Amino acid sequence: MRGTPAGMASPHPLGGQLPAVYADDDFAQRFVEGLDVVLAPLFNVLDCLESYFTPALAPEDFVDWLTTWVGTELDGTEPLATRRRAVATAVSLHRVRGTRRGLSEAVQLAFGVRPEIIESGGATWSRRPLGPFPGSPYPGLRVTLRVRDPSAVDPHRLHAVVAAARPAHLPFAAEVTHLLTPEGT
């Protein structure tokens with residue numbers, strides 16, 4: 001939570017806007033100075049409103065609020081830079097939601113690793129009708145996240161991210177496994 005910074009002055013002090021009869025009234029001037037202290041942060045926010053909606057400039061607590069506005073798949077434990085990037089890329093991710101690319105980008109944003117995705121479907125063309133259908137007759141999706149330390153990744157979190165970003169009609173499986181390394185290294 002942000003508070004009032006000490007010494008913040010109102011750009012529009014109320015004392016000068018009172019009727020002339022109150023110009024020399026010490027009590028009235030002190031009373032509206034108290035209101036100026038309350039109104040100064042509001043004027044400051046309104047003057048800087050654009051920066052609150054710019055993820056790179058917004059205060060940290062406002063970035064967390066923006067993540068709920070734009071529907072990011074974050075759990076709140078990510079570093080601030082990741083949360084800012086999630087808000088900034090939310091529109092482009094929503095455009096590709098439900099596609100292989102969208103799923104891959106959502107998992108990479110949440111975990112920092114590009115996943116391996118195996119789909120059951122496919123596409124092909126043929127010069128003759130009644131050709132064989134590509135892919136498997138049973139719909140499915142398998143997402144594998146290969147990392148150096150699988151115990152450091154929450155598999156339930158991966159499941160939640162995949163469930164939110166996958167094509168809605170596909171059953172899926174999500175797993176976290178060891179990173180494949182070349183032999184001898």
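In helix α3, the residues Glu 60, Val 63, Asp 64, Leu 66 and Thr 67 make contact with Leu 80, Arg 83, Arg 84 and Val 87 of helix α4. By class, the residues of this contact comprise four nonpolar, one polar and four charged. The model is a predicted one, and the description below starts from this helix pair before turning to the remaining elements.

The axes of α3 and α4 approach to within 9 Å and cross at roughly 45°. That angle makes α3 oblique to α4. The handedness of the crossing of α3 and α4 is left-handed.

Arg 84 merits separate attention. This residue is located in helix α4. Leaving aside residues up to four places away in sequence, Arg 84 touches Pro 55, Ala 56, Leu 57, Ala 58, Glu 60 and Val 63. Two of these, Glu 60 and Val 63, are also listed among the α3 residues that meet α4. Between Arg 84 and Pro 150, by contrast, the C-alpha atoms are separated by 26 Å, the two residues being 66 residues apart along the chain.

A second helix pair is formed by α6, which spans residues 100-111, and α7, which spans residues 155-165; their axes come within 9 Å and cross at roughly 150°. How are α6 and α7 oriented relative to each other? An angle over 145 degrees counts as roughly antiparallel, and α6 and α7 are therefore roughly antiparallel to each other. The crossing in which α6 passes α7 is right-handed. On the α6 side, the contact involves Leu 103, Ala 106, Val 107, Ala 110 and Phe 111, and these meet Arg 157, Leu 158, Val 161, Val 162 and Ala 165 in α7. This contact of α6 with α7 consists of nine nonpolar residues, no polar residue and one charged residue.

Arg 157 of α7 also takes part in a salt bridge, with Glu 78 as its partner and with the closest N and O atoms 3.3 Å apart. Because Glu 78 lies in the loop between α3 (60-69) and α4 (80-88) while Arg 157 belongs to helix α7, the pair ties together parts that are 79 residues apart in sequence. The loop of the helix pair described at the outset is thus joined to α7 by this salt bridge.

In total, the structure holds eight salt bridges. Another of them links Asp 26 to Arg 30, where the closest N and O atoms are 3.0 Å apart. Here the partners are four residues apart in helix α1 (residues 26-47), so that about one helical turn separates Asp 26 from Arg 30.

The strands remain to be described. Three of them form an open sheet in the order β1-β2-β3, and the pairing is mixed. Its edge strands are β1 (116-119) and β3 (172-178), each of which pairs on one side only. On average, and with direction ignored, neighbouring strands of the sheet are turned by 15° against each other. Strand β1 pairs with β2 (residues 141-147) in the antiparallel sense over four bridges. Ile 118 stands opposite Arg 142, a residue of β2.

Finally, helix and sheet may be considered together. Helix α7 lies across β2 and β3, and runs at about 140° to β3. Helix α7 thus has a part in several of the arrangements above: its residues meet those of α6, its Arg 157 forms the salt bridge with Glu 78, and the helix lies across two strands, β2 and β3.

Note on methods:
Residues numbered from 1 in each chain as written. Predicted model: local features only at pLDDT ≥ 70, side-chain atom pairs only at ≥ 80, totals over all residues. Heavy atoms only, no water. Axes fitted to C-alpha atoms, helices over the stretch in contact; angles between N-to-C directions. Parallel < 35°, antiparallel > 145°, perpendicular 65-115°, else oblique. Left-handed = near helix turned anticlockwise from the far one by under 90°. Contact = heavy atoms within 4.5 Å. Nonpolar A, V, L, I, M, F, W, Y, C, P; charged D, E, K, R; others polar. Pairing = 2+ DSSP bridges. Salt bridge = Lys/Arg side-chain N within 4 Å of Asp/Glu carboxyl O.
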